Structure formats: structure tokens, C-alpha cells
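Grab a pencil and work through these exercises with the structure open beside you. Try each task before you read its solution.

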Amino acid sequence: MHSGLQRRVKAQARLRPALAGLCALVLSQLAIAADPPAERVRAVRVWPAPEYTRVTLESGEPLRHHLITIKHPERLVLDLEGVDFPSVQEGFGGKVSPGDPYIGNLRVGRFKPGVVRVVLDLKTEVKPQIFTLAPIGDYGHRLVLDIYPTQPVDPILALLQKPGLKMEPALGKNPGEPAEERKRDAAPKVPSAKAQSEPAAERLVTIAVDAGHGGEDPGARGRRGTYEKTVTMTIARKLKALIDSETNMRALLIRDGDYFIKLDARVEKANLVKADLFVSVHADSFVKPHARGSSVFALSERGATSTAAQQLAKRENEADLIGGVNLRSKDRYLKMTLADLSLTAQISDSLKLGRAVLGELGDVNSLHRGRVEQAGFAVLKAPQIPSILVETAFISNPEEERRLNDEAYQEKIARAILRGLKNYIAKNPPLLTPSTLAAIP
């Protein structure tokens with residue numbers, strides 16, 4: 001009896017390790033079922049800009065998140081649930097530049113089980129917007145954090161930076177004056193409406209130069225890896241420098257860096273500075289690599305002049321989807337309602353401007369089309385500003401991609417556009433308007 005009991009005890013002792021292992025296996029399987037694998041963040045991108053800074057986190061699945069604003073000192077706290085900590089830590093590493101106007105520093109840490117916390121130290125008071133974007137193009141799911149200043153940047157101030165530009169006495173007011181006063185004072189100077197014996201005030205023609213795409217929206221890509229947003233920015237800056245060197249002209253860059261601006265915001269920015277002309281710089285692409293040449297486009301209210309123009313307008317108008325627009329936001333850029341606005345005069349002037357520029361581009365590059373084409377480009381819908389879209393070359397053509405990266409060619413393109421602008425202005429000088437008349441002392 002005693003020996004039998006001993007045998008049972010020994011058998012149970014031998015079974016205990018196996019039972020313990022089985023229990024551990026069952027518990028681990030239950031834990032895996034209850035706690036799904038953490039979502040890995042594929043990429044983190046930070047786009048600083050004068051108007052705002054955008055932070056984008058890209059992943060395979062939508063990221064669960066919670067944003068908190070903390071005062072004194074100013075901070076934003078972003079909590080991410082169910083994400084892989086190392087991927088977040090690595091993604092944010094070194095992404096904040098010293099020149100970022102709104103983010104001073106950031107830290108990433110484990111806040112509590114299942115939650116990764118990102119703390120952004122701010123340089124100023126901000127109004128953040130956070131939203132998600134569904135997969136599109138080469139992007140997966142995106143979580144976007146837009147950091148806007150509480151006091152929006154005034155685009156008028158950028159116009160006052162032209163070298164050698166003498167400010168009128170009205171512009172010497174203290175910096176705290178109302179923005180509306182600065183806008184009236186910075187409006188282009190026009191010939192005086194007073195007696196003929198008085199000297200005429202200089203009329204500075206204001207050109208809005210728009211570098212296509214930017215930031216999350218790279219535009220087309222050449223076979224050698226050149227992004228459209230890069231070459232358009234380079235050519236736009238060269239064009240601005242040339243315009244500013246003219247005694248009676250000044251330029252505003254709609255975008256002056258690698259960041260995303262909505263299409264309607266580009267139009268509204270040109271309206272805010274009362275631009276006389278609007279030029280959007282692009283580099284075309286096509287499925288076949290042999291397509292080549294420069295083109296100029298104007299707006300059309302009644303359909304495109306060709307299938308190619310229609311397809312191009314469709315691609316360009318999708319920039320907001322690629323770049324990422326918060327459809328729920330109500331920012332300072334008002335949605336433009338064009339139903340009650342007549343664009344007939346604008347389109348007529350835009351065609352004249354387009355023909356003047358196209359004629360000059362023909363001396364630098366072959367022309368893809370010998371006439372100005374038209375389509376429903378959203379970026380050309382400023383009701384009172386003659387507006388054109390210039391396709392400088394086909395970035396999808398290997399030879400033209402190489403030329404687009406050549407500084408001498410970029411300079412030639414910019415000079416050709418300037419000559420076209422000057423030819424148009426010589427024949428169609430900007431007219432007096434109530435807004436410009438109000439700015440005359």
C-alpha cells in the first residue's frame with residue numbers, strides 16, 4: 001500500500017512539468033488572441049512651412065489616436081494605441097529641423113501598456129487639426145496632424161521683401177496695425193488719378209508664382225527619380241528672382257518650400273495679395289516616354305479643348321486627394337463658390353497671357369501643342385486674375401527629365417516665362433480698380 005502511493009506521487013511529479021508547459025502554452029495563446037500584434041508605423045514625415053507644419057504617420061491600418069493640448073509651456077501630446085513602439089521611435093528620429101517655425105522638440109515614450117506617447121514642444125501658441133486619410137496612390141493609411149499658428153501668417157508681408165522696394169509712408173506704421181490696413185497699403189501702386197501736373201505713382205505689377213505640388217503631393221516622377229515638386233520649386237524661385245529684378249514688377253511665391261498647399265488656398269493666397277497675374281509651374285508626364293515639349297493651359301468653363309487637356313486637369317485636380325485635405329476643417333481659406341461668378345473676361349485675358357508665354361517657350365523647347373489649351377483646372381479659378389498653367393517639359397521623357405535638372409535650362413525656361421509676362425503686360429497694362437484706387441494716397 002505504501003509503495004503504491006509512492007509510485008502515484010512519483011508519476012504525478014513527472015507529469016507536473018508537462019502540465020505546466022501545457023498551461024503556459026494555453027495562456028500564451030489566449031494572450032495572443034486577446035492582444036493583437038501592434039501596428040507598425042511605416043513612415044513619419046514632417047513638413048515645416050511658414051503657414052503651418054504638417055506631421056504625417058503612415059501605416060498599414062488606421063491608427064487609433066488621441067490628441068491633447070497643454071498650456072504653459074505650449075505642448076501637443078499625441079497618444080497612439082496598439083502601435084509598435086520601436087517603429088514610432090525610429091520614425092520620429094531626427095525629423096524636427098531647427099528652422100521649424102512651430103515645433104521646437106519632440107519626445108517619444110511608452111505611456112502605459114499598449115499606448116505610445118509623442119510629446120511635441122511648441123515654439124508658439126497653435127491651433128492643431130488632426131484627421132485620417134484612406135489609402136491612395138503609393139500611400140497607405142495616414143494620420144495627419146496639421147499645426148497652425150493661432151495668428152495666421154499674412155502673405156502681404158512676403159511681398160514687402162523685394163530688394164530695393166521703397167515703402168510708402170503708410171507702410172511705416174507700427175507692426176501692430178490691423179492686417180486690413182497693411183493689405184490696403186501694400187496693394188500695387190497705380191498712376192495717380194489726381195491732376196495731370198502731379199507725378200504718377202509707380203505701378204508695381206504683382207505676379208503670383210505657384211510651384212506645382214509639394215510636401216505629401218510629389219506630383220509626377222521621372223524615370224531617374226526626379227520629382228515634379230522639386231523642379232517646379234527650383235524654376236519658380238528662379239522666375240521670382242527675375243521678376244523681382246524688374247523695376248515695375250514683384251513676385252509672391254505661393255509655396256516657398258517642400259510642403260503641401262490646397263488648390264483653393266493657392267487661389268485665395270493670390271487673391272489676398274491682389275495679384276495681377278497668376279502662373280502655375282508644372283512638369284508634365286505621360287504613359288509613353290517619347291511625349292515631349294512645353295505647353296500652356298488656361299481655364300475652361302465649357303469642357304476641355306482636348307482629351308489630353310481633360311486628363312491633365314483631372315490629374316492636377318486630384319492633388320488635394322494625394323496631398324491630403326481635412327474635409328471637416330473650416331480654416332481661414334474660404335471655399336470658393338464660382339456658380340455666381342462670370343469667368344468670361346478672366347479666360348479671355350488668360351488666353352492672351354498664355355499665347356504670349358507660349359510664344360517665348362517655343363524659343364527654348366519644342367512645343368507639345370502649338371496653341372494654348374483649356375480645361376477645368378481648379379488652380380486657375382481666380383475670378384479676376386488672368387491665370388495660366390505652364391507645363392515646362394515632360395518629366396516622363398528621359399531626355400527632358402535630364403534637361404529639367406539642368407540649371408541652365410531651368411534659367412532659360414524662367415526667362416522665357418518672364419519675357420511672355422512682360423509682352424502681355426506691355427499690351428495689357430493692369431487697369432485701375434476700386435481696390436487699387438483706394439490704396440492711392
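How many residues of the lining of the largest cavity are nonpolar, how many polar and how many charged?

**Solution 1.** Before counting, keep in mind that you're looking at a predicted model.

Step 1: look for enclosed space. Rolling a probe the size of a water molecule over the atoms shows where empty space is left. Here, searching the whole structure turns up 1 cavity of 30 Å³ or more. The largest cavity holds about 90 Å³ of space.

Step 2: find the lining. There are 14 residues around the largest cavity, and Leu263, His282, Glu316, Ala319 and Val379 are the ones nearest its centre. Helix H6 (263-272), strand E11 (277-284) and helix H7 (307-317) each give two or more residues to that lining.

Step 3: sort by class. You should get 6 nonpolar, 4 polar and 4 charged residues.

**Exercise 2.** Work out which element gives the most residues to the lining of the second largest pocket.

**Solution 2.** Step 1: get the volume, which is about 610 Å³ for the second largest pocket.

Step 2: list the lining. It has 27 residues, and closest to the pocket's centre are Asp217, Pro218, Gly219, Ala220 and Ile322.

Step 3: check the elements. Strand E1 (41-48), helix H5 (228-244), E11, H7 and helix H8 (319-323) each supply two or more lining residues. The winner is H7, with 3 residues.

Step 4: sort this lining too. It splits into 10 nonpolar, 5 polar and 12 charged residues.

**Exercise 3.** Decide whether Ser396 is buried or exposed, and find what its side chain is paired with.

**Solution 3.** Step 1: place the residue. Ser396 sits in the loop between strand E14 (387-394) and helix H10 (398-404).

Step 2: check the area. Ser396 has a relative accessible area of 9%, so it counts as buried, the cut-off being under 20%.

Step 3: look for a polar partner. A polar atom of the Ser396 side chain lies 2.9 Å from the backbone nitrogen of Phe286.

Step 4: list the contacts. Leaving out neighbours within four places in sequence, Ser396 is in contact with Arg223, Asp284, Ser285, Phe286 and Pro289.

**Exercise 4.** Find out why Phe297 counts as buried, then see what it touches.

**Solution 4.** Step 1: find Phe297 in strand E12 (residues 295-299).

Step 2: use the cut-off again. Phe297 counts as buried because its relative accessibility is 4%, and buried means under 20%.

Step 3: collect its contacts. Beyond residues up to four places away in sequence, Phe297 touches several others, among them Ala309, Leu312, Val372, Phe377, Leu380 and Ser387.

Step 4: pick Ser387 from that group. It's 90 residues from Phe297 along the chain, yet their C-alpha atoms are separated by 8.8 Å.

**Exercise 5.** Zoom out: which residues in the largest nonpolar core touch the most other members?

**Solution 5.** Step 1: set the scene. The protein has 12 helices and 14 strands, and buried residues make up 48% of its 441 residues.

Step 2: recall a general trend. In soluble globular proteins, nonpolar side chains tend to be buried together.

Step 3: go to the core. The largest one has 74 residues, and Ile207, Ile243, Val357, Ile417 and Leu421 touch the most other members. Helix H11 (residues 407-427) is the top contributor to this core, giving 9 residues.

Step 4: don't miss the other one. A second, separate core has 24 residues, including Leu78, Leu80, Ile103 and Leu122.

Conventions:
Residues are numbered from 1 along each chain as its sequence is written. This is a predicted model: local features need pLDDT of at least 70, side-chain atom pairs count only at pLDDT 80 or more; totals for chains, interfaces and linings use all residues. Side-chain values use heavy atoms; hydrogens and water are left out. Helices (H or I, at least four residues) and strands (E, at least two) are DSSP runs, numbered from the N terminus. Buried means under 20% relative accessible area, exposed over 50%, partly exposed in between (1.4 Å probe, protein chains only). A polar contact is a pair of N or O atoms within 3.5 Å; within protein, one must be able to donate a hydrogen and the other to accept it, and residues adjacent in sequence count only if both atoms are side-chain atoms. Contact means heavy atoms within 4.5 Å. On a 1 Å grid over the protein atoms alone, a cavity is a set of points where a 1.4 Å probe fits but cannot get out, and a pocket is an open set with protein on both sides within 12 Å along at least five of seven lines; lining residues have an atom within 4 Å of a point. Grid points are joined across faces, edges and corners, and a volume is the space filled by probe spheres set on the points. Ala, Val, Leu, Ile, Met, Phe, Trp, Tyr, Cys and Pro count as nonpolar, Asp, Glu, Lys and Arg as charged, and the others, Gly among them, as polar. A nonpolar core is a set of buried Ala, Val, Leu, Ile, Met, Phe, Trp, Tyr and Cys residues joined through side-chain atoms within 4.5 Å.
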